[in-house]
Amino acid sequence: MAKKTLLNAKDIHIILHRLACQLIENHNDFNNTVLIGLQPRGIFLANRLTEILQNDYKISNIKLGQLDITFYRDDFRRREEPLAASNTSIDFIVEDKNVVIIDDVLFSGRSVRSALTAIQSFGRPESIELLVLIDRRFSRHLPIQPNYKGRQVDAINSEKVKVSWLENDKKDAVYLLSNN
């Protein structure tokens with residue numbers, strides 16, 4: 001399998017700071033905003049953004065949660081092997097809050113659709129936005145678009161975008177994998 005590096009650690013660092021600044025522009029002090037990282041891989045991005053907002057931009061009151069969408073997916077019963085659920089950790093109400101759903105890669109839009117359904121269990125948000133590190137714009141099955149995106153990638157369906165996080169994979173990088 002061929003592997004092409006799309007983003008290195010320095011690129012990701014710059015993109016994360018830009019995304020943090022865009023969030024500050026739109027949400028100011030985060031008094032009425034909550035961040036929700038999608039399990040399993042969106043939580044790495046959500047945690048990293050929260051660290052940047054707290055440490056570099058001195059925003060102290062950020063509410064961060066983790067949402068598992070396994071049983072909200074439209075395909076979880078269609079798989080031969082059962083899906084393993086991750087933890088949901090949301091210790092606040094999203095009622096009348098501005099929710100920012102965070103995931104690493106936006107592909108078909110099905111995970112985001114599942115998250116929109118799942119988040120309703122925690123209240124009715126004032127608004128919901130989507131932040132992704134990678135937007136695979138030509139692969140959407142649903143009419144879902146990100147409000148914030150780190151990088152747009154045009155990849156054919158047989159290609160895979162793999163995000164590696166230092167916390168999980170020992171290195172920050174984004175790769176395009178193909179069978180060529």
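In which order do the strands of the open sheet of 3 strands lie, and is their pairing parallel or antiparallel? The order is E1-E8-E7, and the pairing is antiparallel, where two strands count as paired if DSSP finds at least two bridges between them, and where helices (H or I, at least four residues) and strands (E, at least two) are DSSP runs numbered from the N terminus. The model is a predicted one, in which local features need pLDDT of at least 70 and side-chain atom pairs count only at pLDDT 80 or more, while totals for chains, interfaces and linings use all residues. Residues are numbered from 1 along each chain as its sequence is written, and side-chain values use heavy atoms, with hydrogens and water left out.

The edges of this open sheet are strand E1 (2–7) and strand E7 (160–164), each of which pairs on one side only. Its neighbouring strands are turned by 30° against each other on average, direction ignored; axes here are lines fitted to C-alpha atoms, for helices over the stretch in contact, and angles run from 0 to 180 degrees between N-to-C directions. Strand E8 (residues 173–178) runs antiparallel to E7 and is joined to it by 5 bridges, with Lys162 standing opposite Tyr175 in E8.

Helix H1 (residues 9–27) lies across E1 and E8 and runs at about 40° to E1, contact meaning heavy atoms within 4.5 Å. With 19 residues, H1 reaches 27 Å from its first C-alpha to its last, close to the 27 Å expected at 1.5 Å a residue, the expected span being 1.5 Å times one less than the number of residues. At the N-terminal end of H1, Asn8 acts as a cap, with a side-chain oxygen 3.0 Å from the backbone nitrogen of Lys10. Among the buried residues of H1 are Ile12, Leu16, Leu19 and Leu23, where buried means under 20% relative accessible area, exposed over 50% and partly exposed in between (1.4 Å probe, protein chains only). Just after H1, Asn28 takes a positive phi of about 50°.

Parallel pairing appears around strand E4 (residues 98–106), which is mostly covered, 9 of its 9 residues being buried. Strand E2 (residues 33–38) pairs with E4 in the parallel sense over 5 bridges, and Val34 stands opposite Val99 in E4. E4 is also joined by 8 bridges to strand E5 (residues 127–136), again in parallel, with Val100 opposite Glu129 in E5. From E4 the chain crosses through helix H3 (residues 110–119) to E5 in a right-handed β-α-β crossover, a term that applies if, with the strands pointing away from the viewer, the path from the first strand over the helix to the second runs clockwise.

Notes: Polar contact = N/O pair within 3.5 Å; in protein donor to acceptor, adjacent residues only side chain to side chain.
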